[in-house]
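The following paragraphs walk through a protein model, from charged pairs to strands, ligand and surface. Please keep the sequence and the coordinates open while reading.

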Amino acid sequence: MIGAGHSVFGTRRDVNIPELCWESMKPALEKANLEPRDIDFFVVGNLGIWSSELAVPSIMAEYADLAPKGSMRVEAACATGSAAVRVGYTAVKSGLADIVLVLGIEKMQESPNPSVIELIGRFGSYFWEFENFGLTFPGYYALHASAYMMKYGATEEDLGKVAVKNHFYGAKNPFAQFRKEIDVATVMKGPYVAWPLKLFDCSPITDGSACVILASEKKVKEMGIEEKIWILSQGVGTGTANLSKREEFTSLASARYAAEQAYKLAGIENPVKQLDGANVHDCFTIAEIMAYEDLGFCKRGEGYKLAREGQTYIGGRIPVNVDGGLKAKGHPIGATGVSMAVEAYKQLLRRADKGRQADIKNGRWLTHNVGGTGHYTYVTIYGLEKR
Ligand code: COA
């Protein structure tokens with residue numbers, strides 16, 4: 001990865017779709033010292049169902065002078081951005097392309113919230129769960145949260161501590177949607193969205209884009225690029241659509257599978273000792289706690305204790321979501337996985353903002369991006385050095 005760029009996340013009525021894409025593409029191209037004409041192939045992660053333009057690759061080919069290069073629009077629910085990274089990574093690794101631009105973009109606020117929430121709900125199991133029960137995502141994750149609390153004794157305050165941490169770091173991230181610190185009392189006072197999840201347990205509805213540029217080893221050598229990180233491995237898992245087909249509600253099988261693959265390929269046996277930090281999919285606070293366990297940062301049933309004890313702040317057992325996570329940075333669905341890749345680039349190259357730079361000792365960073373409620377999970381390990 002030789003370049004990375006990020007737009008400001010939030011309510012972006014000030015820009016249209018191509019302008020929002022360019023906000024992250026421009027700095028990514030500049031970091032890589034490339035012009036659009038140098039790109040061999042580009043991938044766009046975008047759901048787009050709530051916004052005006054669906055042909056984003058072609059819109060950007062026109063706007064950014066990328067035509068007639070090949071392109072692809074990719075979708076994997078909330079893991080869309082990581083699926084786009086996967087397509088770019090496999091294109092480079094297979095030798096089909098030397099330089100690939102990967103863009104994630106979503107402009108969710110072009111539709112009213114109730115429509116957006118209903119459309120996200122279609123990424124569960126429409127026939128069994130949406131049409132029959134009207135389940136949308138806060139409801140899905142409320143099921144996970146209540147099952148987890150009942151099984152392990154976690155409290156609403158424990159969930160709230162995840163939000164407090166992520167707002168703490170979001171306040172230090174100039175690209176975040178919410179740049180305000182909160183305390184547990186604020187979380188507890190918030191209105192219930194779906195019990196036990198309250199407003200501050202939820203990620204918001206967001207407009208934003210993120211971009212990374214991937215290059216082959218040959219190109220990296222030819223261009224003499226010094227500022228770069230490597231994709232060491234990527235694991236991908238798929239879960240059942242219908243929740244009733246799953247064995248349990250307190251863990252995501254697709255995440256455990258993806259992590260196992262990614263760890264094996266990158267030679268990671270002890271993630272807490274071998275990684276410097278992680279970005280995990282905290283679409284709801286309970287999702288971050290389940291991720292700690294699915295990724296092996298602690299034993300099963302102990303994730304909430306990491307939150308309770310503040311072990312995932314910088315200086316703790318392992319820093320997690322020190323860019324604010326989906327909770328405070330925002331969750332523009334197609335852009336989220338790419339935004340995580342941008343954060344890995346910044347952290348490993350020690351370019352993160354003041355107060356949110358982790359200690360880089362091992363030179364390895366993990367990203368965990370979940371689509372649906374574990375319908376798809378991508379776990380990617382990035383490294384400062386090639387393996
Ligand atoms: N956290 C904190 N504050 C939030 C927030 C969040 N997640 N979402 C909205 N707010 C704030 C807004 O800034 C606004 O504050 P203001 O009145 O001071 O301006 C206020 O709450 C109302 O915002 P609004 O956008 O009208 O909220 P809403 O009630 O329509 O939607 C949720 C709130 C939580 C229901 C909605 O954001 C949601 O569904 N989030 C989950 C999205 C999702 O499922 N993504 C996929 C996950 S896999």
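A salt bridge is counted here when a side-chain nitrogen of Lys or Arg lies within 4 Å of a carboxyl oxygen of Asp or Glu. The model is a predicted one. Side chains of opposite charge can pair when their charged atoms come close. Glu343 and Arg356 meet this criterion, with 2.8 Å from N to O between their side chains. Glu343 belongs to helix H15, which spans residues 333-348, while Arg356 sits in the loop between H15 and E10, so the salt bridge ties together parts that are 13 residues apart in sequence.

Are the two partners of this pair buried or exposed? The cut-off for buried is under 20% relative accessible area. Glu343 has a relative accessible area of 3% and is therefore buried. Arg356 is at 0% relative accessibility, so Arg356 counts as buried too. Elsewhere, Arg12, Asp14 and Glu23 are joined into one network by salt bridges that share partners.

How many salt bridges does a search of the whole structure find? The search returns 20 of them. One of the pairs is Asp201 with Lys198, whose closest N and O atoms are 3.8 Å apart. Both Asp201 and Lys198 are buried. Lys198 is placed in strand E6, which covers residues 197-198, and its relative accessibility is 0%. A polar atom of the Lys198 side chain also lies 3.2 Å from the backbone oxygen of Pro196.

The pair of Lys172 and Glu181 offers another setting. Their closest N and O atoms are 3.7 Å apart, and the two residues form a salt bridge. Lys172 has a relative accessible area of 23% and is partly exposed, because the class of partly exposed residues lies between under 20% and over 50%. Glu181, at 47% relative accessibility, also counts as partly exposed.

The next topic is the strands. Strand E11 takes in residues 376-383, and 7 of its 8 residues are buried, which leaves the strand mostly covered. Which strands run antiparallel to E11? Strand E8, residues 230-238, is joined to E11 by 8 bridges in an antiparallel arrangement. Within this pairing, Ser233 stands opposite Ile381 in E11. Strand E10, residues 364-371, is likewise antiparallel to E11 and is joined to E11 by 8 bridges. Here Asn369 stands opposite Tyr378 in E11.

E10 and E11 form a hairpin with 4 residues between the strands, and in this hairpin Gly372 takes a positive phi near 65°. His368 lies in strand E10. With a relative accessible area of 2%, His368 is below the 20% cut-off and therefore buried. Computed along the sequence, His368 and Ala28 are 340 residues apart, and their C-alpha atoms are 22 Å apart in space.The ligand comes next. Which residues come nearest to the ligand? Of the 16 residues around the ligand, Asn113, Ile117, Cys202, Ser203 and Lys327 come nearest. Helix H4, residues 113-121, gives the most to the shell around the ligand, with 3 residues.

Several polar contacts involve nitrogen atoms of the ligand. A backbone N or O atom of Ser203 is 2.9 Å from a ligand nitrogen atom. For Lys327, an N or O atom in the side chain lies 3.1 Å from a nitrogen atom of the ligand. For Pro204, a polar backbone atom is 3.5 Å from a nitrogen atom of the ligand. Taken alone, the ligand exposes 930 Å², and the protein buries 63% of that.

The last stop is the surface. Tyr126, Phe127 and Trp128 make a nonpolar surface patch of about 350 Å². Trp128 lies in helix H5, which spans residues 126-133. At 46% relative accessibility, Trp128 counts as partly exposed. A residue needs over 30% relative accessible area to be part of such a patch, and the 46% of Trp128 is in keeping with that cut-off.

Methods
Residues are numbered from 1 along each chain as its sequence is written. This is a predicted model: local features need pLDDT of at least 70, side-chain atom pairs count only at pLDDT 80 or more; totals for chains, interfaces and linings use all residues. Side-chain values use heavy atoms; hydrogens and water are left out. Patches are made of residues with over 30% relative accessible area and no salt bridge: like charges are joined within 9 Å, nonpolar side chains (Val, Leu, Ile, Met, Phe, Trp, Tyr) within 5 Å. Accessible areas come from the Shrake-Rupley method with a 1.4 Å probe; for residues, only the protein chains shown count as cover. Helices (H or I, at least four residues) and strands (E, at least two) are DSSP runs, numbered from the N terminus. Buried means under 20% relative accessible area, exposed over 50%, partly exposed in between (1.4 Å probe, protein chains only). Two strands pair if DSSP finds at least two bridges between them. A residue is near a molecule or strand if one of its heavy atoms lies within 4 Å of it. A polar contact is a pair of N or O atoms within 3.5 Å; within protein, one must be able to donate a hydrogen and the other to accept it, and residues adjacent in sequence count only if both atoms are side-chain atoms.
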